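Okay, thanks for coming, everyone. I've got one structure to walk you through today, so let me put it up on the screen.

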Amino acid sequence: MHELLLSSVIKEHEVPKILALLGGFTEMHERHQFTRVQHFEPSPAVKGISTIKELQKERHTNASHWNELHQILTKQPCTIQVRTRLTDSEVEGAKKGPRLLRWTELPDPPSQRLPPYMTQRRTVEIIDLGLEKILADNKRVSNIFEESYHWWQRDYFTEFALIRTWIAEDSLPSDKVMNLSAREPYAPYWMLNVRTLVESSPERMQQAQTQLEKVRDQFKDVLDFKIFDRRAMDTRILPVVTV
């Protein structure tokens, strides 16, 4: 699969306007949610996914995705995300919702076909309730909480996500949720991502690019979609070079 997205910085005082704007544009009420995002790095002693043989036998519905991810990580160790949904009421407790593992590749460089303000990258996403056991050999390197609002454009599978983040202490256990109301967010602004997820074929990716270009044109007087350094989205764990 390939993910394509546009990103815009939204100041705190602009949030009510954006909520109303996207609600009207998509003709739907926003979905408000909290998500715990943890990043993991593999052990240097492990190549790929150590439990891949068990996963091939037990995960019939998503075995192909696990195989794909195993092949990727065998060739190039990367940081991966585990995203856990939390409801409003669960933010004060420790109950966990569905878990999503996400890997993303270094975004494609800008070209004649890909404008610099659009991110395009290969991705693997797997929903699995047993991720803690599967990633037992990995080291947790970050612990983040997101508050977000989501909308979808019905005909084009385009997601609009307005997000802000909190950084939790490394010592916070996986079964605990930080009190977000007692802490300031990581930054005094939100990020708006306009995202599509499509099959990795030239035709489908071109269709996604065309749709995002259309969205950009429709919001050109309201939103400024930024150009970001793609190296900031690099998940590869590169070897340390000593002199």
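Reading from the N terminus, the elements go β-α-β-α-α-β-β-β-α-β-β-β-α. That makes five helices and eight strands in the chain. Keep in mind that this is a predicted model.

So how compact is the chain, for its length? The radius of gyration comes out at 19 Å, and the globule rule gives 18 Å for 243 residues, so the chain is as compact as a globular protein of that length. If you'd rather think in terms of a box, the C-alpha trace spans about 50 × 45 × 45 Å along its principal axes.

A few totals for the chain. Of its 243 residues, 45% count as buried. The accessible surface is about 14,000 Å², and carbon and sulfur atoms account for 53% of that. Then there's the contact pattern: take the contacts between residues at least 6 apart in sequence, and 76% of them join residues at least 24 apart.

Now, two arginines. Start with Arg121, which sits in strand β5, residues 119–127. Is Arg121 buried or exposed? Its relative accessible area is 12%, and the cut-off for buried is under 20%, so Arg121 is buried. What does the side chain of Arg121 pair with? That would be the side chain of Glu3, through a polar contact of 2.6 Å. Leaving aside residues up to four places away in sequence, Arg121 also touches Met1, His2 and Leu5, among others, and over on the other side of the numbering, Met233. Thr104, Glu105 and Pro107 are on that contact list too.

The other one is Arg31, in strand β2, which covers residues 31–41. Arg31 has 37% relative accessibility, so this one counts as partly exposed. The side chain of Arg31 makes a polar contact of 2.9 Å with the side chain of Gln33. And here's a pairing to look for on the screen: Arg31 and His150 are 119 residues apart along the chain, but their C-alpha atoms are separated by 5.0 Å. Arg31 touches His150, and its contacts also include Ser148, Tyr149, Trp152 and Arg85.

Last stop, the surface. Val9, Tyr189 and Phe228 form a nonpolar patch there, with about 240 Å² of accessible area together. Tyr189 belongs to strand β8, residues 189–198, and with a relative accessible area of 35% it is partly exposed.

Okay, that's my tour. Happy to take questions.

Note on methods:
Residues numbered from 1 in each chain as written. Predicted model: local features only at pLDDT ≥ 70, side-chain atom pairs only at ≥ 80, totals over all residues. Heavy atoms only, no water. Helix = DSSP H or I, 4+ residues; strand = E, 2+ residues; numbered from the N terminus. Buried < 20%, exposed > 50% of the residue type's maximum accessible area, 1.4 Å probe, protein only. Polar contact = N/O pair within 3.5 Å; in protein donor to acceptor, adjacent residues only side chain to side chain. Contact = heavy atoms within 4.5 Å. Patch = residues over 30% accessible without salt bridge, like charges linked within 9 Å, V, L, I, M, F, W, Y side chains within 5 Å. Areas by Shrake-Rupley, 256 points an atom, 1.4 Å probe, with all protein chains shown as cover. Salt bridge = Lys/Arg side-chain N within 4 Å of Asp/Glu carboxyl O. Rg over C-alpha atoms; globule rule 2.2 N^0.38 Å.
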